[in-house]
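The following account leads the reader through a single protein chain, from its surface and overall form to one of its helices. Please consult the sequence and the structure while reading.

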Amino acid sequence: MKIHCEWEISKVRNVVVRAFAGSFNEQGFNAMFEEFKKIAPVGAPWASMAQGEYWEMAPAAALQSYTHMREWAIAHGCQCIAFVCPSRFHLDIVKRNAGVVPGDDLYVCATTEEACAWLTAKGFPFSIDDFQHHAFLEKAKRRLENDPTSTFFRVA
């Protein structure tokens with residue numbers, strides 16, 4: 001099956017950043033996870049930012065795979081994850097299908113700036129200037145705004 005979604009992954013010092021957009025299927029999620037594993041720091045504590053501001057959604061199977069990704073990250077030194085989530089609706093779906101609940105090691109917010117501030121407060125200094133995916137997000141936004149099949153900006 002063809003991959004449905006788009007993403008970019010980078011590492012700045014000890015913070016791994018995943019910027020992703022569109023509708024994920026399980027194949028897309030698994031491909032992103034493999035790339036994530038390759039870039040994750042080894043032998044030192046690290047943090048992660050999941051920038052999903054323009055993430056449309058994913059089926060239950062892909063969301064359930066997120067649990068494995070999170071478990072893998074924690075087992076391999078990830079101390080905390082900041083998740084930029086597009087809406088409370090998205091968060092509710094993730095909670096129900098992936099068992100993900102915000103807490104000490106997972107912060108859910110609406111903006112990259114909030115995620116940066118939280119990661120910095122958790123001991124992983126990261127600023128908006130460190131974020132390398134502004135062009136990716138702008139492209140994703142334009143694509144969603146111009147896609148007549150997307151309801152991303154049309155949901156009340």
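How much area does the chain expose, and what share of it do carbon and sulfur atoms supply? In this predicted model, the exposed area of the chain is about 7900 Å², and 54% of it comes from carbon and sulfur atoms. Beneath that surface, 46% of the 156 residues of the chain count as buried, where buried denotes a relative accessible area under 20%.

The chain contains five helices and five strands. Their order along the sequence is β-β-α-β-α-β-α-β-α-α. The radius of gyration of the chain is 15 Å, close to the 15 Å given by the globule rule for 156 residues, so the chain is as compact as a globular protein of that length. Along the principal axes, the C-alpha trace spans about 45 × 30 × 25 Å. Among contacts in the chain with a separation of 6 or more, 74% are between residues 24 or more positions apart.

Helix α1 may now be examined in detail. This helix comprises 14 residues, residues 26-39; at 1.5 Å a residue it should span 20 Å, and its end C-alpha atoms are indeed 20 Å apart, in agreement with that expectation. Which residues of α1 are buried? They are Gly28, Phe29, Met32, Phe33 and Phe36. Viewed down the axis of α1, the buried residues fall within an arc of 135°, and therefore they line one face of the helix. The cover over these buried residues includes the strands β1 (6-12), β2 (15-23) and β3 (46-57), together with helix α2 (60-75).

Definitions and conventions:
Residues are numbered from 1 along each chain as its sequence is written. This is a predicted model: local features need pLDDT of at least 70, side-chain atom pairs count only at pLDDT 80 or more; totals for chains, interfaces and linings use all residues. Side-chain values use heavy atoms; hydrogens and water are left out. Helices (H or I, at least four residues) and strands (E, at least two) are DSSP runs, numbered from the N terminus. The expected span of a helix is 1.5 Å times one less than its number of residues. Buried means under 20% relative accessible area, exposed over 50%, partly exposed in between (1.4 Å probe, protein chains only). The arc is that of the directions from the helix axis to the C-beta atoms. Contact means heavy atoms within 4.5 Å. The radius of gyration is taken over C-alpha atoms; the globule rule is 2.2 Å times the number of residues to the power 0.38. Accessible areas come from the Shrake-Rupley method with a 1.4 Å probe; for residues, only the protein chains shown count as cover.
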